[in-house]
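Subject: The structure we talked about

Hi there,

Here is the structure I promised to pass on to you. Have a look at it first, and then read on for my notes.

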Amino acid sequence: MNNSPLDKSLVEKKIQELRIPDVGKASIREIVALVNAVEEATDFKYIRMEMGVPGLPPAKVGVEAEKEALDKGVAAVYPMVDGIKPLKAEASKFIKNFLNIDLSAAGCIPTTGSMQGTYAAFMAAGHVDKKKDTLLFIDPGFPVQKQQMMVLGLKYDTFDVFNFRGEKLRAKLESILSGGNINSIVYSNPNNPSWICFNDEELKIIGELANKYDVIVMEDLAYFGMDFRTDFSKPGEAPYQPSVANYTDNYVLFISSSKIFSYAGQRIGIMAISDKLFQRDYPDLQERFKGTTFGATITLRLLYSLSSGTSHSAQYALAGMLKAVNEGSYNFVEGVKDYGERAKKMKALFLKNGFDIVYKKDLDVPIADGFYFTIGYPGMTGNELVANLLFYGVSAIALDNTGSDEEGIRACVSFVQHNQFAALDERLRLFHENFRK
Ligand SMILES: Cc1ncc(COP(=O)(O)O)c(C=O)c1O
């Protein structure tokens, strides 16, 4: 690595100081800490692809609505645990406008980011039926959700969907669900980290099997509408964001404000529980949490215990943003399209310098350009690639952190600015010069 643009011994020293045992396997936060430490000790700026932080300003309409709410004094008042009425109403309209799904305002519950939403939902799902003690992740996936399961002390199973796209998904899912121990299925769509997007055929399979085996589907829409190959941005007009909600009534949707409105700092999202699931009585769940329906258990037992609701002013912000998109005065997809542009250019630089895209296709069509993509380098494991790229000033996480069986890394485009592309190109050129066989 004689040609690396960084002092190798300095990077190694920082790895030791942070006590990272195997840097190739480091978590997102460990990579963040390491890169911060190296940057602080030098003038060097990394190309930072490790963390999915929105790299755009927050939606102004949200900031204004939030300021107005603060000026009115909402900070002094506890919000309702299941959310303020205007937010619930706008969320229900949003689901109608952009998914074409009918879901009552009652089931639209604000949470402190989708992180809290999944935490509460995993906790509930883990107790709906004593025989069903396992949650199933369709991977690759968002690593922190596995950490949530670890913290909750709940069991999960997982498989990498790489070889099970399309109709093949049915047999794979059925082989697991037929065991009778699965309470819910979790996936993100578009997918973090691979940016694959399930199509309607695949969502239909998931929905049908959820009905057949009575499992809850948790559809994480953190990147709602961000499959830029199709324009999902027009309220009340097809095409709509594809969703399992078209194929089963047994679902929870997670709609985060973090990426579509660049509102991550205020920690607010919507957990949308289908009307049928919201009203459902699960005797085992009632026994465990002394609640009534699934929906009431989530709000009055779990969210109440976790944080007693979601920041009052942030709820007004999200209500304002959803109102603007529902009325067509703010186009949330346009607001984040630059991520697709960045991905397209960054992928081209990696390909030019000997890398390959790992998750390349949605069945027979190339995947979209969006918030993340996955890349590999011939002859290198994902862990080796993370470690080696760190010496060339490029940071990312390995795919094995995400439940993928493939060798490679996840690249997040949000923090990489257009004016860094020349530096990225040069660093990848040096990397390839050193490692090419
Ligand atoms: C798939 C997925 N789900 C959930 C989240 C977290 O969302 P929030 O910021 O709303 O907690 C992320 C953030 O990166 C994500 O990628």
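Below is what I found, going from the domains to the helix pairs, the ligand and the backbone.

Please keep in mind that this is a predicted model.

**Domains**

The protein splits into two parts: domain 1 covers 8-44 + 337-435, and domain 2 covers 60-326. Their C-alpha centres are 29 Å apart. Across the boundary, 23 residues of domain 1 are in contact with 24 residues of domain 2. On the domain 1 side, strand β12 (residues 372-376) supplies the largest share of the residues that touch domain 2, namely three. That side of domain 1 is mixed in class, with nine nonpolar, eight polar and six charged residues.

**Two helix pairs**

One pair worth a look is helix α1 (residues 8-17) with helix α2 (residues 28-41), whose axes come within 10 Å and cross at roughly 130°. An angle over 145° would count as roughly antiparallel, so at roughly 130° α1 is oblique to α2. The crossing of α1 past α2 is right-handed. From α1, the residues Leu10, Val11, Lys14 and Ile15 meet Leu34, Ala37, Val38 and Ala41 of α2. By class, the contact of α1 with α2 has seven nonpolar residues, no polar ones and one charged.

The other pair is helix α7 (residues 168-177) with helix α8 (residues 200-213). Here, too, the axes come within 10 Å, and α7 and α8 cross at roughly 25°. Angles under 35° count as roughly parallel, so α7 is roughly parallel to α8. The crossing of α7 and α8 is right-handed. On the α7 side you will find Leu169, Arg170, Leu173, Glu174 and Leu177, and they meet Glu202, Ile205, Ile206, Leu209 and Tyr213 in α8. The contact of α7 with α8 is made up of seven nonpolar and three charged residues, with no polar ones.

**Around the ligand**

Which residues are closest to the ligand? They are Gly113, Ser114, Met115, Ser256 and Ser258, out of 13 residues that surround the ligand. Helix α5 (residues 113-125) gives the largest share of this shell, with three residues. The shell around the ligand divides into eight polar, four nonpolar and one charged residue.

**Backbone details**

As you know, most peptide bonds are trans, and most residues other than glycine have a negative phi. Three places in this model are worth checking against that. The peptide bond that joins Asn189 and Pro190 is cis, with omega about -10°. Pro190 sits in the loop between β5 (182-188) and α8. That loop between β5 and α8 also holds Trp195, which has a positive phi of about 65° although it is not a glycine. A cis peptide bond is also found from Ala238 to Pro239, where omega is near -5°. Pro239 lies in the loop between β6 (216-220) and β7 (251-256).

If you open the model with one place in mind, you could begin at α8: this helix meets α7, and the loop between β5 and α8 holds Pro190 and Trp195.

Happy to talk it through whenever suits you.

Best wishes

Technical notes
Residues numbered from 1 in each chain as written. Predicted model: local features only at pLDDT ≥ 70, side-chain atom pairs only at ≥ 80, totals over all residues. Axes fitted to C-alpha atoms, helices over the stretch in contact; angles between N-to-C directions. Helix = DSSP H or I, 4+ residues; strand = E, 2+ residues; numbered from the N terminus. Parallel < 35°, antiparallel > 145°, perpendicular 65-115°, else oblique. Left-handed = near helix turned anticlockwise from the far one by under 90°. Contact = placed C-beta atoms within 7 Å. Nonpolar A, V, L, I, M, F, W, Y, C, P; charged D, E, K, R; others polar. Near = placed C-beta within 6 Å. Domains from an automatic or database assignment.
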